[in-house]
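Thanks for coming. I will take you through one structure, starting with a sheet and ending with the helices.

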Amino acid sequence: MFGETLRALQAMEGRTQLSIPIEDDVEGYFDRECPSEECLFQFKILNQDWKDKVRDEEVFCPSCGHTATSEKWWTQQQIEHAQQAAVAHLSGELNNAVARDAAQWNSNQVKGSFISITMKVNQRPTQVLLPPAAAEPMRLKITCPACACHYAVIGAAFFCPSCGYNAADQQFTQTVAGIIQSLDALDAVRTAIVDRDTSENTVRLIVENSLQNAVTAFQRYAEALYATMPNANAARRNAFQNLSEGSGLWSAATGKSYNDILTSAELATLQCAFQQRHLLAHTQGIVDADYVQKSGDSRYQVGQRIVIREASVREAANLITILACGLLADASGMGAK
Ligand SMILES: [Zn+2]
Ligand SMILES: [Zn+2]
């Protein structure tokens with residue numbers, strides 16, 4: 001009674017490839033995901049550019065700069081979709097028992113009507129499912145000034161996926177714009193996600209992620225400017241994640257410190273934001289003695305979890321922009337390239 005099944009199975013034997021099309025969105029973009037375990041950043045790239053511009057040997061993650069060959073960038077959703085499609089295809093050639101298994105298997109899979117974005121909070125990436133209505137206004141479209149590759153991200157990008165180009169000033173401006181865009185979309189997120197807990201949790205992740213992106217954007221920008229300085233001392237990795245250390249380096253190289261650009265009250269606000277980023281990245285937001293001492297934030301005691309408000313992220317993004325403009329003026333004054 002299994003004759004047909006066996007014949008179908010025999011026909012399938014040795015067949016190792018099945019072509020499953022992955023659909024583009026209406027604008028011709030499709031999803032990619034950074035294969036680095038610590039990153040898993042998701043972005044979109046114009047399919048035509050993926051075919052024409054991106055090289056098989058090397059693709060760059062827009063967020064972390066990780067490089068890998070071009071076949072490593074499937075998103076988890078695309079892999080699941082391919083598995084489902086493969087099962088559906090094969091089950092058509094097999095008997096109903098297999099089809100029932102497949103249906104059972106399929107019913108356990110995440111349905112495809114949501115767009116997933118990866119938010120790197122608390123060191124480990126956190127998957128947040130955003131309905132398209134919420135994800136769309138947060139999407140930042142970027143055209144690489146070096147190779148004209150078109151790609152899109154939510155929040156922040158620092159490298160072109162095709163050529164790895166990092167135009168520090170353009171990336172900084174676009175990243176801050178992306179952060180503001182994400183914050184502007186918070187109401188859309190609240191409306192689009194019906195379940196209140198999920199919605200508030202998602203909003204919290206977006207706000208915290210925005211703060212981390214803002215500090216990273218500043219760090220990358222300051223590093224890039226500093227590297228153009230004629231007699232700059234070697235800077236330790238992540239030195240510009242630390243405001244006073246960065247200011248010290250800057251002052252040694254240019255004669256001007258951050259205090260020449262921001263008031264001490266503004267610097268104190270920014271210092272607090274930078275320390276909060278540190279907590280989000282290293283202690284899952286739990287206040288430690290170091291934070292209490294360095295942030296000047298007396299609202300918390302050791303062991304509490306910080307609450308990041310949308311307004312403070314906007315303020316931090318604004319101060320970071322003023323500081324970055326000031327650094328650019330200093331650098332131009334020094335005749336840096
Ligand atoms: Zn990455
Ligand atoms: Zn490029």
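How many bridges join strand 1 to strand 2? There are five, and the two strands run antiparallel. Before going further, please keep in mind that this is a predicted model.

Some general counts for orientation. The chain has twelve helices and eight strands. It is 337 residues long, and 34% of them count as buried. Among contacts with a separation of 6 or more, 59% are between residues 24 or more positions apart.

Back to the sheet. It is an open sheet of four strands in the order 1-2-8-7, with antiparallel pairing. Strand 1, residues 29-33, and strand 7, residues 139-143, are at the edges; each has a single partner strand, so one side of each has no neighbour in the sheet. On average, neighbouring strands here are turned by 30° against each other, ignoring direction.

Now the pairs. Strand 2 covers residues 42-46, and its Phe-43 stands opposite Arg-32. At the other edge, strand 7 is joined to strand 8 by five bridges, and these two also run antiparallel. In that pair, Leu-140 is opposite Val-153 of strand 8. Strands 7 and 8 form a hairpin with six residues between the strands, and Ala-148 there takes a positive phi near 65°.

What packs on this sheet? Helix 6 does, touching strand 7 and strand 8, and its direction makes about 160° with that of strand 7. Helix 6 has 17 residues, which at 1.5 Å a residue should span 24 Å; the end C-alpha atoms are 24 Å apart, so the two agree. Its buried residues are Gln-171, Phe-172, Gln-174, Thr-175, Val-176, Gly-178, Ile-179 and Ser-182. They pack against strands 7 and 8, and also against helix 5, helix 8 and helix 12.

That brings us to helix 12, residues 310-333. With 24 residues it should span 34 Å, and its end C-alpha atoms are 35 Å apart, which agrees. The buried residues of helix 12 include Val-313, Ala-316, Leu-319, Ile-320, Leu-323, Leu-327 and Asp-330. Several of these are three or four places apart in the list. An α-helix has 3.6 residues a turn, so residues with that spacing point the same way. The elements covering the buried residues of helix 12 include helices 6, 8, 9 and 10.

Two of those covering helices also meet each other. The axes of helix 8, residues 196-227, and helix 10, residues 264-282, come within 9 Å and cross at roughly 115°. The crossing is left-handed. On the helix 8 side the contact is made by Glu-208, Leu-211, Gln-212 and Val-215; on the helix 10 side, by Ala-273, Phe-274, Gln-276, Arg-277, Leu-280 and Ala-281. By class, that is six nonpolar, two polar and two charged residues.

One last residue, Thr-254, which is in helix 9. Is Thr-254 buried or exposed? The cut-off for buried is 20 or more other C-beta atoms within 10 Å. Thr-254 has 21, so it counts as buried. Leaving out residues up to four places away in sequence, Thr-254 touches Met-229, Asp-330 and Met-334. Of these, Asp-330 is one of the buried residues of helix 12. Leu-327, another residue on that list, is 73 residues from Thr-254 along the chain, yet their C-alpha atoms are separated by 9.5 Å.

Methods: Residues are numbered from 1 along each chain as its sequence is written. Chains are lettered from A and ligands numbered from 1 in the order in which they are written. This is a predicted model: local features need pLDDT of at least 70, side-chain atom pairs count only at pLDDT 80 or more; totals for chains, interfaces and linings use all residues. Axes are lines fitted to C-alpha atoms, for helices over the stretch in contact, and angles run from 0 to 180 degrees between N-to-C directions. A crossing is left-handed if the near helix is turned anticlockwise from the far one by less than a right angle, and right-handed if clockwise. Two residues are in contact if their C-beta atoms, placed from the backbone, lie within 7 Å. Ala, Val, Leu, Ile, Met, Phe, Trp, Tyr, Cys and Pro count as nonpolar, Asp, Glu, Lys and Arg as charged, and the others, Gly among them, as polar. The expected span of a helix is 1.5 Å times one less than its number of residues. A residue is buried if 20 or more other C-beta atoms lie within 10 Å of its own, exposed if 12 or fewer, and partly exposed in between; C-beta atoms are placed from the backbone. Two strands pair if DSSP finds at least two bridges between them.
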